[in-house]
Amino acid sequence: MNAPAKSCGDELLTVRQLRVAFAQGRALLPAVDGIDLRLAAGETLALLGESGCGKSATALALLRLLPAAGRIVAGEVRFGGRDLLRLPESEMRAVRGGGMAMIFQEPATSLNPVLTVGRQMAEVLARHRSLGGTAAQATALDLLSAVGIADARRRLGEYPFQLSGGMKQRVMIAMALAGDPRLLVADEPTTALDVTIQAQILDLLRRLQVERAMGMLLITHDLGVVAQMATRIGVMYAGEIVEEAPRASFFATPRHPYTQKLFAALPGLARRGGQLQTIPGQVPSLSAMPAGCRFAARCEHAWDRCRQQSPQWRQVALDHRVRCHLEDGRLVAGGNAGGPAADGVPVAAAAAAPTLLAVDDLRVHFAIRRGVLQRTVGHVRAVDGVSLALARGRTLALVGESGCGKTTVGKAILQLLPASGGSVCLLGEQLGGGRQRAQRALRRHMQMIFQDPFASLNPRLSVGEIIAEGIRAQGGGGRATNEAAIAAVLQQVGLPAEAAIRYPHEFSGGQRQRIAIARALAVQPELVICDEPTSALDVSVQAQILNLLATLQRELGLAYLFITHNFAVVDHLAHEVAVMYLGRIVEHGGVDEVLRSPQHPYTRALLSAVPSPRLAAASEPIRLPGEIPSPAAPPTGCHFHPRCRQAGESCRQAYPPPSQLSATHVVRCHLYPSTVDADRGGVACDRAET
Amino acid sequence: MPFLPVILWSDVLIWLLLLAALASGWLSAGNPLWRSAWQRVGRSRAGMASATLLLAFAIVGLLDSLHYRPRLAADGGQRTAGQPAVYAVEVLSLLDALLTPLRTRNEKTYSEPLATRAHAKETIEVRGSDGRLQQVRDHPRLRHGGAHLGADEGRRDADVAGRVLQALGLALLAWAAVVLAVCGGVVRARGCGWRLAWRRVWRSEGEFAWNAILATLAALSLLAMPVALLAGDYHVFGTDKVGQDVLYQVLKSVRTALVIGLVTTLVMLPLSVLLGVLAGYFRGWVDDLIQYLYTTLSSIPGVLLIAAAVLMMQVLIDTHPQWFATAAERADLRLLALCFILGVTSWTGLCRLLRGETLKLRELEYIQAAQAFGVSSLRIIGRHILPNLMHIVIIALVMDFSSLVLAEAVLSYVGIGVDPTMISFGTMINNARLELAREPLVWWSLAAAFLFMFSLVLAANLFADAVRDAFDPRLAGSP
């Protein structure tokens, strides 16, 4: 309400009481409800919040690029001394790209696929800098070099499909810079990228910002990115900014209960095995905004006043403001502390547990076919000799960047993809090949939970039918027993039994993921393959799902093969970790061995690229150059050597044999003496116990 | 029995289709997803207005699908008990019975709409004032058009105006009765007052679009009632070359158009759904085979293929006259053959669409989850793929209807459409070809065919739009 009337002249952007609403029928649903922002040149303001909080609507409103249903109801956006909301559209076009530029989340869809990079850049240069011909080309070359694209001259003539994801995002940034903007609006600029590429892009953005003294409005849900990039942070919740603070103060003492909960919900080492704190419920929908404090319904400190009266801004420290009714003293509590780490993941004795799953030298190759006769001209070696063993009640995390083949491993184990070689044994029985009937019965013992809770449930079936499908496919009992089983399994995942007659679209993302888990549990599997089960969810919901998975493991003794790229989740949940690179496991060991003392250069780089959601002591990050090569033509020798700083002559010639560092820790790198012996290399089926 | 029911094959199919539509309506009322989609159609004003119009056409078509042969009166008006009943060779429908005056009161040749005299001059004998017969060239008086006026032809305009006014009054009365019935229904259902009920019905905010239906009904009755009152004594749309009433022909054409539009999709659907889903789901050689099939089929010019098939069919019909008891049965078989041929040649578009959608669906995670359970492929297709394709099928079905009605008109124009004795929009337009070359122009036949076909196709298209908006998951907002 009462934005501090700072009359500094250096402010680049001032937003006062901006209100954005979306029209639905004749009603206007407020998406952004009276926010104030200010941003100086050279400063980075991070807007942090879960999905559906109005972060992107705010950014689009600044540029007046809201979708057709969006309306700016009230407010003022002053940028460079002018009120953008009152400018005619023709002048606004000069502001977009010229004054402020925007980088979007998905690099794959923000470039026009039928125009070359050079053409697309020339368009911006002609519009904002009135450059043409050779001058435009020279400027484009400069810009591409500035965003770190090697061989810029060649890239200018290429089409977007010839560029990798990270490269496309660099081109997007170069195009955003082409109009010499003073403010860069970055809407989740690295969410679609791998961690190593994310680190590169964040470095680049930081460097460019310093060089050009730009202001940056960074929109993100990732506390790690915020910790690395932001100078000030605004936390958004349900269309309002609820807390605003400089970085140091924000990470040291978050004041608003919502912010505190966000920190507490983060998985990580500190809370290994313990229950993560969760925020009950979900962000209120636009059509049903509560009257008082919008967070009251999910806040454990809420009292009567919170439900009736919307809180005003209160200054709690220098530049640190918060909108909350709670008294100062009670606010300081909480902070960054972790939950109890006591009743954790069952620390099952690794040696004693019987082997449930044994994967030996698994290979999945996809043929590349060319020509009229579709002859095979090569193979994409998506998985190239992976050996794993997993015992009952244990969690093995399979980590790696996208394209390294970790999902393919999961699907090959489930026999959703035919393996080209190697063997998978479950409960001592060989999977794949053999009689159909026996194979179908074996499927009962392993199930999969998928990444996208919106694509993994058939929208045309009710929840009960979805869950019953597996029971029926396995020749389950009669109708009554099935209904009892469905109710039981729904209760197990924390959903009411009435959910069975409803349809998936009536549930939120987190609830849908619970349904997917219930579907997997319905056939009482022993092994569950989780393919990034939380990557599509918000932090608070992710915590709920991780807690649920941990509880189920404790109660049912499930074994998880956890496929992920999120190291915080790995740290929280896993017993063992296997790191994959280009279809092979490069390092494998206990979670502490791999995450605390990583030995393979790739693991080290990966770990150092993960942005930490706290004010970390500035250790020198290891930045990987380049991107993951194509599995169709892997580099000779060690697959990692082109990106490895420690690569030597032997790395270029031969793939390193495994080196046993401890009883459980194996790494494949020439830096360590080989300990290969004939016995090593997977568990044979007949040795596995049932 | 005063008549002998005749069951034509197309009648059977039409009534089966009606039954299927009712059954699927009943089924989708039980499924919340389908119910909400149809409710979205119900909220669309354009959709409900066009549905009302379509319903009017459908009633005409259905009335025209109950056929019988009337019993001929025995010689001398006496009937002996032992004599077997003799039935007319002419097959009539319920619509024919209702329109008997239109059907039987034929003129000699062309006459303009609402005319009392023929369109062309003839040499006629007139008794002059002096009592002698004179031969003059003039427009002869029509046998039926305006016959009730007698010699007082000048009274025609006043008569027409009077009838129109009377009809408008009647139409308003009828419409008011419908409005009262609807409001009364609301009053009983909601228990609110009449005033509130009227506001509810007329505003129709976010609910069933009663206002669109009522407006359409008003327009429809304001147009149809004068036509109905005038049709008794005039030829409202004139007469054609052989003196047949054009209004009658136009009404008879509706059934032909409906049969072509509906029965063809019946032939087309199983082919395209089955082949499309098989190709998309199984990939590999099945996909290759089906793709080759439809690529080959769709690269043969459609008209050529249809012409060849229709001509072969015609030869078959001509060489086996003993198959058919009446001319109507022969024409009906040819109509069905045309539907079949159109269906067999036009399944490729939908098939291609469904194959692409299945390719997308089979990669979705819920299909993989089902595979991980060991569910058989047929079950996956039946439970997971088909229900998620149904919106495309429904949209394609409604959209194809209008294009097929138009296709019939074109094919009949080229001469490879329905049997020449069967009245259809196509044959009417084909006849109009020569009429347009006459001087003075004979325009009413073409205009009437155009008007009716246009409103039928427009209503079908608007309805298709509403259905697409309601069923397309991307437009409907919820999956």
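Two strands count as paired here if DSSP finds at least two bridges between them, and the elements themselves are DSSP runs numbered from the N terminus, with helices being H or I of at least four residues and strands being E of at least two. With that in hand, look at chain A, where eight strands make an open sheet in the order 18-19-20-15-21-22-24-23, with mixed pairing. Its edges are strand 18 (446-449) and strand 23 (658-660) of chain A, each pairing on one side only. From one strand to the next the twist averages 20°, where axes are lines fitted to C-alpha atoms (for helices, over the stretch in contact) and angles run from 0 to 180 degrees between N-to-C directions.

Before going on, some housekeeping. This is a predicted model, in which local features need pLDDT of at least 70 and side-chain atom pairs count only at pLDDT 80 or more, while totals for chains, interfaces and linings use all residues. Residues are numbered from 1 along each chain as its sequence is written, and chains are lettered from A and ligands numbered from 1 in the order in which they are written.

Back at the edge of that sheet, strand 23 of chain A runs antiparallel to strand 24 (residues 666-668) of chain A, and three bridges join them. A:Gln660 sits opposite A:Val666 in strand 24 of chain A.

Chain A has another open sheet of eight strands, in the order 6-7-8-3-9-10-12-11, and its pairing is mixed. Strand 6 (100-103) and strand 11 (313-317) of chain A are at the edges with a single partner strand each, so one side of each has no neighbour in the sheet. The twist here averages 20° from one strand to the next. Further in, strand 3 (residues 44-48) and strand 9 (residues 232-237) of chain A pair in the parallel sense over four bridges. In that pairing, A:Leu48 faces A:Val235 of strand 9 of chain A.

Now go to the start of chain A. Strand 1 (residues 11-24) and strand 2 (residues 27-40) of chain A run antiparallel and are joined by eleven bridges. The hairpin they form has two residues between the strands, and A:Gly25 there takes a positive phi near 65°. Strand 1 of chain A also pairs with strand 4 (residues 70-79) of chain A, in the antiparallel sense over eight bridges. A:Val20 is a handy landmark: A:Val32 stands opposite A:Val20 in strand 2 of chain A, and A:Ile72 is the bridge partner of A:Val20 in strand 4 of chain A.

Next, the helices of chain A. The axes of helix 6 (residues 165-178) and helix 7 (residues 195-212) of chain A come within 10 Å and cross at roughly 15°. That makes helix 6 of chain A roughly parallel to helix 7 of chain A, a label for angles under 35 degrees (over 145 is roughly antiparallel, 65 to 115 roughly perpendicular and the rest oblique). The crossing of the two is right-handed, meaning that the near helix is turned clockwise from the far one by less than a right angle, whereas anticlockwise would be left-handed. Among the residues making the contact are A:Ile173 and A:Leu177 of helix 6 of chain A and A:Leu204 and A:Leu208 of helix 7 of chain A; residues are in contact if their C-beta atoms, placed from the backbone, lie within 7 Å. By class, this contact has six nonpolar, four polar and one charged residues. Ala, Val, Leu, Ile, Met, Phe, Trp, Tyr, Cys and Pro count as nonpolar, Asp, Glu, Lys and Arg as charged, and the others, Gly among them, as polar.

Chain B offers a helix pair too. Helix 10 (residues 284-299) and helix 13 (residues 348-362) of chain B pack at an angle of about 145°, with their axes 10 Å apart, and their crossing is left-handed. B:Tyr294, B:Leu297 and B:Ser298 of helix 10 of chain B meet B:Thr348, B:Cys351 and B:Arg352 of helix 13 of chain B.

Finally, the chains meet: 19 residues of chain B are in contact with 23 residues of chain A. The largest share of chain B's side, seven residues, comes from helix 14 of chain B. By class, that side has eleven nonpolar, seven polar and one charged residues. The predictor gives the complex an ipTM of 0.76 and a pTM of 0.78.

Notes
Two residues are in contact if their C-beta atoms, placed from the backbone, lie within 7 Å.
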